[in-house]
Amino acid sequence: MNTRETLKINKKGHLEIGGADAVDLAKQFGTPLYVMDEQYIRDMCRVYRDTIDKEYGGNGLVLYASKAFSCLAVYKIAAQENIGVDVVSGGELYTAIKAGFPADKIYMHGNNKLPQELEYALDCGVGTIVVDAYAELDLLDALSEKKGIRQNILLRINPGVEAHTHRFIQTAKTDSKFGFSIADGSARNVTAYALQKKNLCLKGFHCHIGSQIFEKQSFTLAVDKMFDFMGALRNELGYEASALNLGGGYGIWYTDEDAKISSVEYALYLEAIISELKSKANELNFPLPYLVIEPGRSIVGEAGVTLYTVGNIKEIPGIKKYVAVDGGMFDNPRYALYQAKYTAILANRADEAATEVVSVAGKCCESGDIVCANVLLPPAKSGDILAVLSTGAYNYSMASNYNRNFVPPVVLVKDGKADYIVKPQTYEDLVRNDVIPESLK
Ligand code: LLP
């Protein structure tokens, strides 16, 4: 399917996002601008939540993996949609709490959580901490004792599933900084160790096999491996896990090389997982565990569009045409990091035929500062509004002030109405924490 056909283009020939004209948004808020479609985010939360309700009797929880896009408003939406969130740093936790997110529905991740982050998590009353190191078990046990609580934990397990995705975003292959490996016995050993901790309550296990994965078999294979592990543990240690968190990772559409999955069709991932889970539980005569999933990218990725204004255009005859925009790797480092591919369109001429292959370059002082390479566009002119699609996940959250550019503001659109959810930065913001010490004065 050519997904250009599914884009919303209004009578003026302009791209529409959440009922708002993208060209009007660019005029009103300036560019570069991240635009997030609120309804899409809500629909995705509901699809996952409803599937757990319908197919699994509600015996589970959807967590929004907030590393994909973290700001106060998104935690509000997650709370209103009655799902949980996963956080991976004191900063994400702070943002969630500040937004009034219920702490008992927060899961805290991280392969190297800092002592102050763990203490802060306990003080907030975070529901579950996903532990990824022996030292963390020791520290958490001591901290819990000091605070007179018994903290719920999961252990992060590496099931050894190599999913088909970029090697930097694979997380459960054998050589990984994440998790205790089932294959080499460390998962079993750490379980025995965790069970001795008086102030920790081991609820079960977590795994996450990677990101931007389309094959359902990768997820069902992870279910099999985790269940075989839990079955073996029951025999060896007499411990029966009551919760299983299978992470996130469902792929989204960036270009027509990717499958275009409607929000409703994402239920199929969860249905496949649930069906495998039930059959494995049945096979091993294992009580159905409390099921947790942690999608990030699929909840916010396709909800986002970044708007830029086209500036200079450089044609190198016989080689390439560069269309430079007012953003770059500071608002979207994914090309620089992963050679990520995107679809771009001219938002003000969205109905015109795309006839040229160009590279969209940013404004940073760096040759690798490309927003998207080899995209098909109508001949672009300075002043056009360029929209890069599917930028809702891991764009704003990975943005920086490189070259002292501003991290663009974010607007949330619904029914044609747009509001800031992240305000624009100012020059003053850039120097706010800078200090000139006495010795330099
Ligand atoms: N749970 C855990 C423990 C994770 O590490 C992640 C993502 C997720 C859930 C959510 O996965 P998702 O549903 O979003 O695929 N910066 C990279 C992606 C890194 C993903 C890190 N972990 C990118 O831009 O592609």
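**Cores and a buried histidine**

In this predicted model, the largest nonpolar core holds 108 residues, and the members touching the most other members are Ile 129, Phe 205, Tyr 266, Val 300 and Leu 386. Both domains chip in: at least three residues of this core come from domain 1 (3-30 + 303-431), and at least three from domain 2 (38-299). A second core, separate from that one, has 21 residues, with Leu 15, Val 305, Ala 347 and Val 413 among them. As a general backdrop, nonpolar side chains in soluble globular proteins tend to be buried together.

Ile 129 is worth a look for its list of partners. Leaving aside residues up to four places away in sequence, Ile 129 touches Met 108, Lys 113, Leu 118, Ala 121, Leu 122, Glu 136 and Leu 140, plus the run of Gln 151, Asn 152, Ile 153 and Leu 154.

Moving on to His 208, this residue sits in the loop that links strand E10 (200-206) to helix H8 (216-237). His 208 counts as buried because its relative accessibility is 18%, with the cut-off set at under 20%. Its side chain has backbone atoms for company: a polar atom of the His 208 side chain lies 3.2 Å from the backbone oxygen of Gly 210, and a polar atom of that side chain is 3.0 Å from the backbone nitrogen of Gly 248.

Gln 217, in helix H8, is another story. With a relative accessible area of 56%, Gln 217 is exposed. Between Gln 217 and Asp 141 there are 37 Å in space, C-alpha to C-alpha, for a separation of 76 residues in sequence.

Notes:
Residues numbered from 1 in each chain as written. Predicted model: local features only at pLDDT ≥ 70, side-chain atom pairs only at ≥ 80, totals over all residues. Heavy atoms only, no water. Core = buried A, V, L, I, M, F, W, Y, C linked by side-chain atoms within 4.5 Å. Buried < 20%, exposed > 50% of the residue type's maximum accessible area, 1.4 Å probe, protein only. Domains from an automatic or database assignment. Contact = heavy atoms within 4.5 Å. Helix = DSSP H or I, 4+ residues; strand = E, 2+ residues; numbered from the N terminus. Polar contact = N/O pair within 3.5 Å; in protein donor to acceptor, adjacent residues only side chain to side chain.
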